[in-house]
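Take a walk through this predicted model. The route starts with the cysteines, moves to the nonpolar interior, and ends at a pocket.

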Amino acid sequence: IAVHLCRHNDSGKNDPRRMIASLAFQITELFGEFRERLEHIREAEGTPKAVSIECDASSLADRLLFDPLSQISPPMDHTGRSLVVIDALDEAEISSKKDLLNLVASSFSKLPRWVALLVTGRREIDAQRTLARLEPTILDAEEYTQQCKGDVDIYLRYILSPHIADEHELVSVIRKIDAKAKGLFLYFHYVRERIECIECGNFDVNALPDGLCGVYADRFKTLFPLPEGINSGGVRRVLEVIVAAPIQVHVFDELPSLAGLGQNEVLTIMGRLSHFFHVDEEDRVSVFHKSIVDWLTGRRDLKHKYDDEDERKYHIDYAGAHRQLASACATSLVPFLDIGADCLLESHKNAVDRLRNAGLVDNTGNRNAPFEYA
């Protein structure tokens with residue numbers, strides 16, 4: 001009845017209050033009785049926007065989600081339980097993930113019995129520990145291997161059967177693709193794109209790359225050929241900023257200065273990277289899928305991590321990327337060092353104080369240590 005998609009370094013998508021508002025809106029589209037309950041809240045307490053600003057996430061969830069759901073009748077045409085889905089929780093950054101987990105663990109037991117919660121994501125210890133109080137049923141891929149293989153078979157048959165008539169050949173192709181995917185369903189999405197982009201008779205399963213890392217390696221090698229790879233034209237600097245930034249960076253106002261490049265250079269690079277990173281309607285850079293960042297930084301075992309020396313040339317040093325970003329931010333604060341504290345925004349004042357407390361600059365604005373990429 002409602003779905004929320006978490007997204008890597010998208011502060012809006014990972015905001016618990018915005019998640020609650022989104023889920024509530026989707027349910028109003030399905031159930032008129034639920035919509036009437038929310039209309040009553042709006043008339044009695046003000047606009048939903050005002051309510052969301054004043055409330056913490058838990059209180060907002062009670063008012064816009066759990067209380068109205070508990071007051072309406074379950075749909076008569078449903079034979080099972082309805083689902084509220086929170087997808088890709090692991091995509092959220094650490095601070096946002098903690099807030100989302102705490103909200104789910106503390107509040108979502110209030111859902112009426114006819115509504116169940118489904119949370120998807122990679123199996124992580126913190127998530128399991130926090131959500132344990134809900135006594136969840138864990139649908140682990142390794143434990144439900146046969147069911148997962150059944151899902152894979154259904155999906156691959158759907159996209160392959162129009163092109164492969166022979167059942168024996170179809171089964172063989174499905175097995176080969178499943179082996180290459182290594183349990184990652186996003187790989188099957190790539191296969192579907194590949195089939196749609198080529199003529200049916202030219203599809204060669206043996207030519208498919210090995211796993212998601214193979215997909216990313218092939219595409220980066222095409223976009224940024226060796227021997228330079230991502231070391232030419234400022235590509236590495238742009239990627240380092242995107243990878244290290246805790247929130248989405250603005251492609252015009254922030255990314256050029258943080259990467260130390262001109263705006264036209266950045267836009268050209270972003271055009272080449274558009275398959276992996278896109279610019280949203282607010283001109284902020286979004287990551288298509290967190291596995292791209294995982295592959296670039298080697299932070300996750302995607303079962304194909306830098307098997308050859310060529311792939312290593314596309315590797316981003318995560319700690320180094322954070323140093324570059326911190327240095328660029330520190331450099332941008334230098335002009336504020338000579339401004340009186342009373343004239344500074346509170347955020348600028350706190351940042352300048354941190355520079356001084358860390359011993360990076362003195363009270364007169366002189367640097368005590370070099371800023372990288374300044």
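The disulfide count here is 0. A disulfide would need two cysteine sulfur atoms within 2.5 Å of each other. Two cysteines show how surroundings can vary. Cys213 is buried, because its relative accessible area of 2% falls under the 20% limit. Cys148 reaches 31%, so it counts as partly exposed.

Now go inside. The largest nonpolar core holds 58 residues. Those with the most contacts inside it are Leu160, Ile177, Tyr187, Phe220, Val238, Leu255 and Phe277. Helix α11 gives the most to this core, with 7 residues. Apart from this core lies another one, of 35 residues. Phe31, Ile72, Leu103 and Leu111 are among its members.

Helix α11 deserves a second look. The helix spans residues 235-244 and is mostly covered, with 8 of its 10 residues buried. The buried ones are Val235, Val238, Leu239, Glu240, Val241, Ile242, Val243 and Ala244. Val238 also appears among the core residues with the most contacts.

Phe220 is another of those core residues. Select Phe220 and skip its neighbours within four places in sequence. What is Phe220 then in contact with? The partners are Pro225, Ile230, Leu239, Leu273, Phe276, Trp295, Leu296 and Tyr314. One of these, Leu239, is a buried residue of α11.

Next comes Arg272, in helix α13, which covers residues 263-272. Is Arg272 buried or exposed? Neither label fits: with a relative accessible area of 35%, Arg272 is partly exposed, because that value lies between the 20% and 50% limits. Beyond its neighbours within four places in sequence, Arg272 is in contact with Leu223 and Phe224. Phe224 sits 48 residues away along the chain, yet the two C-alpha atoms are separated by 8.9 Å.

The last stop is open space. Rolling a probe the size of a water molecule over the atoms shows where empty space is left. The second largest pocket contains about 550 Å³. Its lining comprises 22 residues. Nearest its centre lie Asp10, Gly12, Lys13, Arg18 and Glu282.

Which helix supplies the largest share of this lining? That is α1, with 5 residues. Helix α1 runs over 16-30, and α3 over 48-54; each supplies at least two lining residues. By type, the lining of this pocket divides into 10 charged, 8 polar and 4 nonpolar residues.

Terms used
Residues are numbered from 1 along each chain as its sequence is written. This is a predicted model: local features need pLDDT of at least 70, side-chain atom pairs count only at pLDDT 80 or more; totals for chains, interfaces and linings use all residues. Side-chain values use heavy atoms; hydrogens and water are left out. Buried means under 20% relative accessible area, exposed over 50%, partly exposed in between (1.4 Å probe, protein chains only). Helices (H or I, at least four residues) and strands (E, at least two) are DSSP runs, numbered from the N terminus. Contact means heavy atoms within 4.5 Å. On a 1 Å grid over the protein atoms alone, a cavity is a set of points where a 1.4 Å probe fits but cannot get out, and a pocket is an open set with protein on both sides within 12 Å along at least five of seven lines; lining residues have an atom within 4 Å of a point. Grid points are joined across faces, edges and corners, and a volume is the space filled by probe spheres set on the points. Ala, Val, Leu, Ile, Met, Phe, Trp, Tyr, Cys and Pro count as nonpolar, Asp, Glu, Lys and Arg as charged, and the others, Gly among them, as polar. A nonpolar core is a set of buried Ala, Val, Leu, Ile, Met, Phe, Trp, Tyr and Cys residues joined through side-chain atoms within 4.5 Å.
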